[in-house]
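Please open the structure in a viewer and keep the sequence panel visible. The tour below proposes a series of selections and describes what is found at each one.

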Amino acid sequence: TMSFIPYQQIRATFYSSDSKWKLGAIYRYYKIDCEIMFDTQQGEYQIYQKAPNSRHILLSVERYWENWTLTLEYQKLKNKVYHALYWTNGQTDPIALAIFNGFNDAEMVYLQGRYYINPEWDTFARYERIQTRTPGVSATQAWVVGLGWNPINNLKLRAEYHQFQGQ
């Protein structure tokens, strides 16, 4: 059984009069109520996930030049989460294998520069940082470089290299 209550969203995007700047903001509020059950030869597993009152904020700034784009984005996720994994063999009461009840909060920021070689090819470099309050995970940062190719109008092929540091 899975119940995903559609999120409520407020979105705003502003462009400068010369189209060189773009500012964006999104606020989302949603709830998740999920139960998954599956059988194995050893017994039945049940997974529960509840995330009431989840919030997501995104702020974005972009600057455009003739062959360059610079993007800065900040995101904040705030979730009160309940996860549980139970096992039963049909003859005993369910046994709790793992339970997490707490916050799954994160703050993310990235800065990306993109260079347009020509209308078909572009390259980019990006720095990402994620900070969480989730138990066992603290911060991750990454450097990403990539190359994009647009062989036709509705198709983009991309190759990326990621270098991660942190947990």
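The stops run from the whole chain to strand pairs, a surface patch, single residues and charged pairs.

**The whole chain**

Begin with a cartoon view of the full chain, bearing in mind that this is a predicted model. The secondary structure amounts to ten strands and zero helices, so a reading from the N terminus gives β-β-β-β-β-β-β-β-β-β. Colouring by accessibility will show that buried residues account for 25% of the 167 residues. The chain exposes about 11,500 Å², and carbon and sulfur atoms supply 59% of that area. Of the contacts between residues at least 6 apart in sequence, 47% join residues at least 24 apart.

**Strands 8, 9 and 10**

Select residues 121-132 and 139-152, which are strand 8 and strand 9; they pair in the antiparallel sense over eleven bridges. Within this pairing, Q131 stands opposite A139 of strand 9.

Add residues 155-166, strand 10, which pairs with strand 9, again in the antiparallel sense and over eleven bridges. Here V144 stands opposite H162 in strand 10. The connection from strand 9 to strand 10 is a hairpin of two residues.

**The nonpolar patch**

Switch to a surface view and select F14, W21, L23, V61, W65, W68, L70, L72, V109 and L111, which make a nonpolar surface patch of about 940 Å². Which strand gives the most to the nonpolar patch? Strand 4 does, with three residues. Strand 2 (21-39), strand 4 and strand 7 (106-116) each supply at least two residues of the patch.

Within the patch, centre on W21, which lies in strand 2. W21 is partly exposed, at 41% relative accessible area.

**S19 and its backbone**

Move to S19, in the loop between strand 1 (2-15) and strand 2. Most residues other than glycine have a negative phi. The phi of S19, however, is positive, near 60°. S19 counts as exposed because its relative accessibility is 51%, over the 50% cut-off.

**Q75 in strand 4**

Select Q75, in strand 4 (residues 68-78). Its side chain makes a polar contact of 2.8 Å with the side chain of H56. Beyond its neighbours within four places in sequence, Q75 is in contact with H56, I57 and L58, and also with A106, E107 and M108.

**N118 in its loop**

Next, display N118 in the loop between strand 7 and strand 8. Which backbone nitrogen does the side chain of N118 reach at 2.8 Å? That nitrogen belongs to E120. A polar atom of the N118 side chain also lies 2.9 Å from the backbone nitrogen of W121. N118 is partly exposed, with a relative accessible area of 34%. Show N67 as well: its C-alpha atom is separated by 8.2 Å from that of N118, although the two residues are 51 apart along the chain.

**The salt bridges**

Side chains of opposite charge can pair when their charged atoms come close. The structure holds five salt bridges.

Start with K22 and E62, whose side chains meet in a salt bridge at 3.8 Å, N to O. K22 is in strand 2 and E62 in strand 3 (residues 44-64), so this pair ties together parts that are 40 residues apart in sequence. K22 is partly exposed at 25% relative accessibility, whereas E62 is buried at 16%.

Then show K156 and D122, joined by a salt bridge of 3.5 Å, N to O. This pair links distant parts of the chain, with K156 in strand 10 and D122 in strand 8, 34 residues apart. K156 is partly exposed, at 42% relative accessible area, while D122 is buried, at 2%.

Keep D122 on screen and add R114, found in strand 7. The side chains of R114 and D122 are joined by a polar contact of 2.6 Å. R114 counts as buried because its relative accessibility of 14% is under the 20% cut-off. Outside its sequence neighbours within four places, R114 has contacts that include N67, W68, T69 and R158. Adding R158 to the selection completes a network of salt bridges that links R114, D122, K156 and R158.

Finish at E128 and R126, whose side chains meet in a salt bridge at 2.7 Å, N to O. Both E128 and R126 are buried.

Definitions and conventions:
Residues are numbered from 1 along each chain as its sequence is written. This is a predicted model: local features need pLDDT of at least 70, side-chain atom pairs count only at pLDDT 80 or more; totals for chains, interfaces and linings use all residues. Side-chain values use heavy atoms; hydrogens and water are left out. Two strands pair if DSSP finds at least two bridges between them. Helices (H or I, at least four residues) and strands (E, at least two) are DSSP runs, numbered from the N terminus. Buried means under 20% relative accessible area, exposed over 50%, partly exposed in between (1.4 Å probe, protein chains only). Contact means heavy atoms within 4.5 Å. Accessible areas come from the Shrake-Rupley method with a 1.4 Å probe; for residues, only the protein chains shown count as cover. A polar contact is a pair of N or O atoms within 3.5 Å; within protein, one must be able to donate a hydrogen and the other to accept it, and residues adjacent in sequence count only if both atoms are side-chain atoms. Patches are made of residues with over 30% relative accessible area and no salt bridge: like charges are joined within 9 Å, nonpolar side chains (Val, Leu, Ile, Met, Phe, Trp, Tyr) within 5 Å. A salt bridge is a side-chain nitrogen of Lys or Arg within 4 Å of a carboxyl oxygen of Asp or Glu.
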